[in-house]
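Work through the exercises below with the sequence and the model open. Try each task before you read its solution.

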Amino acid sequence: MSRNGVISIGIVLALPLIFFWRTVFLGQAALPSNVTWDALANFYPIKLLVAEQFRQGLLPLWNPYILGGMPLLADVLSAPFYPLDVLYYLFPNPLAYSWLWIVYLWCAGTFTYIFLRQLCQGKVGPLIGAIVFMFNGTAIGVMVFKVHVATLLWLPLMLLATEKLTTRPSLKWASLLAAASGVSFLAGHTQTAIYLATVSAIYGGLRLALRRPQLHRRVLVKGFALLAASLFLGIALAAVQLLPSFEMLGLSAREAFTSERYREADGWEPRRFIYYGLVSFIPEFFLEGDLPMPTNPFLRGYDLPPRNYVGLLPLGLILIAVALRKDTPTRLIALLAGGFLLAFFLLATPAYTLATQAFPPLGVFLHRKGVTVYIALLAMLAGLGADHLLASEQGKQGIRRIFKGFASLWMLAALGFAGLSLFWVLGKDWLVSLGRRYVESHGFGTPAHPEPSEFYYGKVDFYVTWFSHHFNLLNPSIFVPILLGAVSILLMWLFLKGRLRQPQMGAFMVAIVVVDLFYAGWRFFPFTPVQELYPETEAVRFLKGEQAKGKQFRVLPGLVESGLKAEAVVPTRYVPVGTVLPSHVITPSDTTFHADTLIPHDLQSAIGYESLTVKRYIDLLLALDPGAGVTDVRLTMYSKSLLDMLNARYLISTAPLDDPALKLVIKERVWLYENPHPLPRVWLVNSAKVLPPGQGLRLLVRGEINPGKEALLEEDIHLALPQTGNPFSWRAEVEEYSPGRVRVRAATSEQAILILADTFYPGWKAKVNGKQAQVFPVDYVFRGLLVDPGEHRVEFAYEPDSFRIGWQISLAAALGIALLGGLGLRRTRAKS
């Protein structure tokens, strides 16, 4: 490698350390302090659970901590077999988790640089492409979610292998493509991995088709065969993750997500054009203080940081690549980027609604996820454009035209913002007066304007203040992008005039891109002192102390409203039709107890937050509270029977609850209540009722079945009739409770059903006194089995066939990839 190449790689490795300087030098975690972020509410707790199970010598198959227990491996976000996460498994703490992102960026930048070096003449273009790939708005915006970047970083390596495979088909490049594709599926975001495989397939297929006149038919067929085989082997390599996940998809509540909800969340209504258009040039335009979302109600709920931001100078470089480069790889990358852009618009049309209605699984693949791949392709185009700018001697006329257009656009934007800034500064009082007169002329207290006049006066003041703040040239959010644009235009002018040499121009371009993306990224990326993560409050210490006494229980945390500093809304009292038990509103709880954040404290929650949740459990909660949610599960009400049934001994609220059945234990920032007499984690009954699942669920919710006395079954198991004259007696205790394994000692005076208050799910098997026993659903959500009179040792074990078959397929695929790679290297050495 040349001296310049070593310097470029050094820059790629150094920049993530600089961006994460608070982690490297101050020991701060690259995690948000507010648990309403997915990173802290879900991703980190789940990854911590995976690490702890590995450290205990267990396979991370089951998560007993949320939603009554649910599959862990089947949750693709857990990504237990992703090789780059080994560092965290060795040191499971927030700092090691933060260093994972540095490792991800190292890999992303290095892979991008190596790929672009195959297409570029110089080294500055690949370096700029790598920088934009690492620090664009998408990479920084989704980095706290981890799995997006962990998956996306394999795209340049897959394109490198595909490019080599289609120009000179060989087994070693086929093995590299298979390995990179397989690892991307293991990274934790299946949607993005599917996008990457699709990009590789289209790129490779078109590359081979366009080279058809130059290639012998045998070579062409070999290229297509190796391309298809590589992607197939990649999917097979990830079978250990994919098979349990697809099994979970069929048993999950995700189907409750409708195409209409996706269109509402991701649709491209006119105001989105305004938003995404502005933040493509001014990423902080809608930022207000330290809030992670726009404060303007007109745009509230839109993502910040802006995921479509690639920097100002890179926009011009992308235009140069698309308009002036004539090589096939550049045109294919531009075609793929254009295809994703077109898909964003098409998927927001009624056609998408019809497609998801005809094929519901399509609804899982949100079109917004494709933005990550689209921006990654733009980053590569920026690098290709930079290379063309610095290396081209014949295409300067075309570059000058693009330069003039870019300069004209910047001039119009600068003048426009200057005019608007002056307008808002000088006309602020007049606008407030105009707005107030509008309110007075339209009246208030009417159906069209039901609020009092002060409310609408406040809205007028807010909007005028907001616009005067944002359309202000002295605002750094406006001033810095305009300054960066001016510097970029000046440097381009000097270079085109011959006043700057190629090395100088390259250095200035790298510096501008770094300053631009770092300035934007640092404003949006969170860093938090480790001690502020998952604080151990008085309530947490009490619960851990109770658990240390050998008590088994779940906690029912209250509702937490999403969004920083959002005003919590207490829902109105809701009583399901037909219910005979008192229901109580749950008020917003302390953020310590949100979603999956009890996992780091080794406490089990009756609710949780997962992308896929077990349908049976969610059906039970939705039957009681239709607003409970499907993924981010939050109850706005409860019933005593629900608490008892779920073994929920403690309930948390931020306001006192008027419920005589509960006992106040702690009044801290939260109210911690005890439900004194819930059902135990395991119990026995000698009576059962057989009903279809839907009908039985309704009876449970209405309280017409007492789970402690009678089991609700879906099939007749031929339970012996209760003995007359002799009282039914039983005892049961959990001797061992670990993820994926539960041991129970039980005794019964007559044949009975042993019920374990954990979620029923395929793959759970049981032995009674060493002999296999059938596990069946009881009370719609729980696991049960039949035991005869006498004493018994019962063992439940989670041994899913999907995992067994999956790891066998993955092992075979890994051996096949290794064989292909070995043969390819051997042939290469033989030829050399």
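**Exercise 1. A lysine and its partner**

With which residue does lysine 146 form a salt bridge, and how far apart are the closest N and O atoms?

Solution. The model is predicted: local features need pLDDT of at least 70, side-chain atom pairs count only at pLDDT 80 or more, and totals for chains, interfaces and linings use all residues. Residues are numbered from 1 along each chain as its sequence is written, and side-chain values use heavy atoms, with hydrogens and water left out.

Step 1. Apply the criterion: a side-chain nitrogen of Lys or Arg within 4 Å of a carboxyl oxygen of Asp or Glu. The partner of lysine 146 is aspartate 85, with the closest N and O atoms 2.9 Å apart.

Step 2. Place both residues. Lysine 146 sits in the loop between helix 7 (137-143) and helix 8 (147-152), and aspartate 85 in the loop between strand 2 (70-71) and helix 4 (86-90), so the salt bridge ties together parts that are 61 residues apart in sequence. Helices (H or I, at least four residues) and strands (E, at least two) are DSSP runs, numbered from the N terminus.

Step 3. Check burial. Lysine 146 and aspartate 85 are both buried. Buried means under 20% relative accessible area, exposed over 50%, partly exposed in between (1.4 Å probe, protein chains only).

**Exercise 2. More salt bridges**

Find the salt-bridge partners of glutamate 546 and glutamate 736, then classify the residues by exposure.

Solution. Step 1. Glutamate 546 pairs with lysine 551 at 2.6 Å between the closest N and O atoms. Glutamate 546 is buried, at a relative accessible area of 7%. Lysine 551 is partly exposed, at 33%.

Step 2. Glutamate 736 pairs with arginine 743, the closest N and O atoms being 2.0 Å apart. Glutamate 736 is partly exposed, at 28%. Arginine 743 is partly exposed too, at 31%.

Step 3. Widen the search. The whole structure holds 22 salt bridges. A network of them links Arg554, Arg681, Asp758 and Arg783.

**Exercise 3. A sheet of four strands**

Give the strand order of the open sheet of four strands, and name its edges.

Solution. Step 1. Two strands pair if DSSP finds at least two bridges between them. The order is 3-8-10-9, with mixed pairing.

Step 2. Strand 3 (554-556) and strand 9 (663-667) each have a single partner strand, so one side of each has no neighbour in the sheet. Neighbouring strands are turned by 25° against each other on average, direction ignored. Axes are lines fitted to C-alpha atoms, for helices over the stretch in contact (heavy atoms within 4.5 Å), and angles run from 0 to 180 degrees between N-to-C directions.

Step 3. Look inside. Strand 8 (648-653) and strand 10 (671-674) are antiparallel, with four bridges. Serine 653 faces tryptophan 671 across this pair. Helix 24 (538-548) lies across strands 3, 8, 9 and 10, at about 125° to strand 9.

**Exercise 4. Strand 20**

Is strand 20 largely enclosed or open, and which strands pair with it?

Solution. Step 1. Five of the six residues of strand 20 (782-787) are buried, so the rest of the structure largely encloses this strand.

Step 2. Strand 16 (752-759) runs antiparallel to strand 20, joined by six bridges. Leucine 756 stands opposite arginine 783.

Step 3. Strand 19 (776-778) also pairs with strand 20, antiparallel over three bridges. Valine 778 has phenylalanine 782 as its bridge partner. The two strands form a hairpin with three residues between them, and aspartate 779 in the turn has a positive phi of about 55°.
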